[in-house]
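This report examines a ligand site and a neighbouring topic, the pairing of strands, in one protein model. The sequence and structure are shown first.

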Amino acid sequence: MSKNKTTSHKSFTLTNDQTGQTVKLPVYEGTVGPSVIDIRKLYEETGHFTMDPSFTATGSCKSRITYIDGDEGILMHRGYSIEELTEKSNFMEVSYLLLYGEPPTSGEYDDFVHNITYHTMVHEQIHYFFRGFRRDAHPMAVMCGVVGALSAFYHDSLDIWDPKQREISAHRLIAKMPTLAAMAYKYSLGQPFMYPRNDLNYAENFLYMCFGVPAEPYKINPVLARAMDKIFILHADHEQNASTSTVRLAGSSQANPFACIASGIASLWGPAHGGANQAVLEMLAQIGTKDRIPEFIARAKDKEDPFRLMGFGHRVYKNYDPRAQVLRSAAHEVLQELGITKDPMMELAMELERIALEDPYFVERKLFPNVDFYSGIILKAMGFPTSMFTVLFALARTVGWISQWKEMMEEPTLKIGRPRQLYTGSPARPYVSIKERS
Ligand code: SDX
């Protein structure tokens, strides 16, 4: 069972080499993975802060949702491996697992799916929000705006201290993200919005809202729908990554859940994070042919060149990202289903992977393909434009964000996040008026 209560029987003693002062800091152990040193009393006892600019060595919270072992290439949700979940489960069941901690019984599953299904429509006036955007607006810009605006419509679920209202907001967000994402896509095409259909499952409904048109019936392709569902599972949650930490920090100020998710969308957009799936396809297009791969590998290694091999490397994984492996086989399935026997992008990607994984620079730095390396190839083959790739990542990650937010809100105390700093600016000085200055 997971360890809810953190008790400490171990400690670290810190010594100030100049003064000899020592401070004993408690150590907490988790169910699995590195222990943590609790530094909360460090400033009070030593007058020192710690320094960890990108929080790579800092635990920001306790969590029971997801665990990653970067060295072993392990990813599990509530103890279940990502490989088993993508193979044997589905996105709705994984969403329930992330939200509530245990897999649902069949009755709980049916109730959950019913709740999500009956929240998929958005308020009709939200359609007008889209009219304000240029048709060529990046769909992530649209999603930042429209998801944040949801808090202007659902006043009956904004009380963050009411567990029932928190649950309704979570269901609304999980249910409405596909509808809004599809609307952003349709708007960019100048095509009419497609209303959700309650007779379709989550992934089928999303594909229908994206690729269906009112003029004719839309035929669901079960292989593509299953691949879409797998892609959603693979992107659902990933510990305290940049966007999840953004959601938690926004939530710590007691902002409403819709605003918190909008902040997560904004953070995910960056090409170093969720925006990488779009950047991978743009990079492959830029490379163009296999004979140009060495040129780009050289650029990726050149410290003077800002170019990075998009879809490679990870802040935590120093082994293969398990999600990339699942996506690579899913890519082959989708291409085969679509009769794309020779996809130049896929061939280029596999050749790039082969060459990079033989290059000492990447091997020494343990830079393996990550979740974004193959996802774009599948999404492009399914008909999505590259600008929609990160929107799909945000759609799937919403359940992870809102589960982490829910976990934070269920903690006995909610404290606003407030990092400190090392001040290196000017010492105190008197103001001099501009007349005397010039
Ligand atoms: C996601 O955090 C999460 O969990 C994120 C995510 C999730 O599900 O939420 O997994 C989703 O964001 C996946 C990552 C997608 N981003 C990309 O694919 C962009 C390309 N990758 C890089 O920008 C980079 O790898 C990062 C940002 C992902 C990680 O950056 P770090 O932590 O700085 O990488 P590192 O410390 O491991 O780097 C070690 C060395 C450095 O060189 P040296 O100083 O040792 O000489 O490797 C180099 C880096 O410059 N390096 C790369 C590289 N990634 C790292 N060199 C070339 N190409 C790359 N892609």
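The text below treats the ligand surroundings, then one threonine, and then the strands.

**Ligand surroundings**

The model is predicted. In it, the ligand is surrounded by 25 residues, and the closest of these are His238, His314, Arg315, Lys318 and Arg323. By class, the shell around the ligand comprises ten nonpolar, seven polar and eight charged residues. Polar atoms of His273, Leu309 and Asn370 approach the ligand at the distances listed here.

| Residue | Protein atom | Ligand atom | Distance |
|---|---|---|---|
| His273 | polar side-chain atom | oxygen | 3.0 Å |
| Leu309 | backbone N or O atom | nitrogen | 2.9 Å |
| Asn370 | side-chain N or O atom | oxygen | 2.9 Å |

On its own the ligand has 1100 Å² of accessible area, of which the protein covers 77%.

**Thr66 and its contacts**

Thr66 belongs to strand 4, which spans residues 66–69. Is this residue, Thr66, buried or exposed? Thr66 counts as buried because its relative accessibility is 10%, and the cut-off for burial is under 20%. The side chain of Thr66 makes a polar contact of 2.8 Å with the side chain of His77. A further side-chain polar contact, of 2.5 Å, links Thr66 to Asp237. Leaving aside residues up to four places away in sequence, Thr66 touches Leu75, Met76, His77, Leu98, Asp237, His238 and Glu239. One of these, His238, is also listed among the residues closest to the ligand.

**Strands 4, 5 and 6**

Strand 4 pairs with strand 5 in the antiparallel sense, over four bridges. Within this pairing, Ile68 has Leu75 of strand 5 as its bridge partner. The two strands form a hairpin with four residues between them, and Gly73 there adopts a positive phi near 70 degrees.

Strand 5 covers residues 74–77, and its side chains alternate. Leu75 and His77 point to one face and are buried, whereas Ile74 and Met76 point to the other face and are not buried. His77 is thus placed in the picture twice: on the buried face of strand 5 and in a polar contact with Thr66.

Strand 5 also pairs with strand 6, residues 80–81, in the antiparallel sense and over two bridges. In this pairing Met76 stands opposite Ser81 of strand 6. Strands 5 and 6 make a hairpin with two residues between them, and Arg78 in the turn has a positive phi of about 50 degrees.

Note on methods. Residues numbered from 1 in each chain as written. Predicted model: local features only at pLDDT ≥ 70, side-chain atom pairs only at ≥ 80, totals over all residues. Heavy atoms only, no water. Near = heavy atom within 4 Å. Polar contact = N/O pair within 3.5 Å; in protein donor to acceptor, adjacent residues only side chain to side chain. Areas by Shrake-Rupley, 256 points an atom, 1.4 Å probe, with all protein chains shown as cover. Nonpolar A, V, L, I, M, F, W, Y, C, P; charged D, E, K, R; others polar. Buried < 20%, exposed > 50% of the residue type's maximum accessible area, 1.4 Å probe, protein only. Contact = heavy atoms within 4.5 Å. Pairing = 2+ DSSP bridges.
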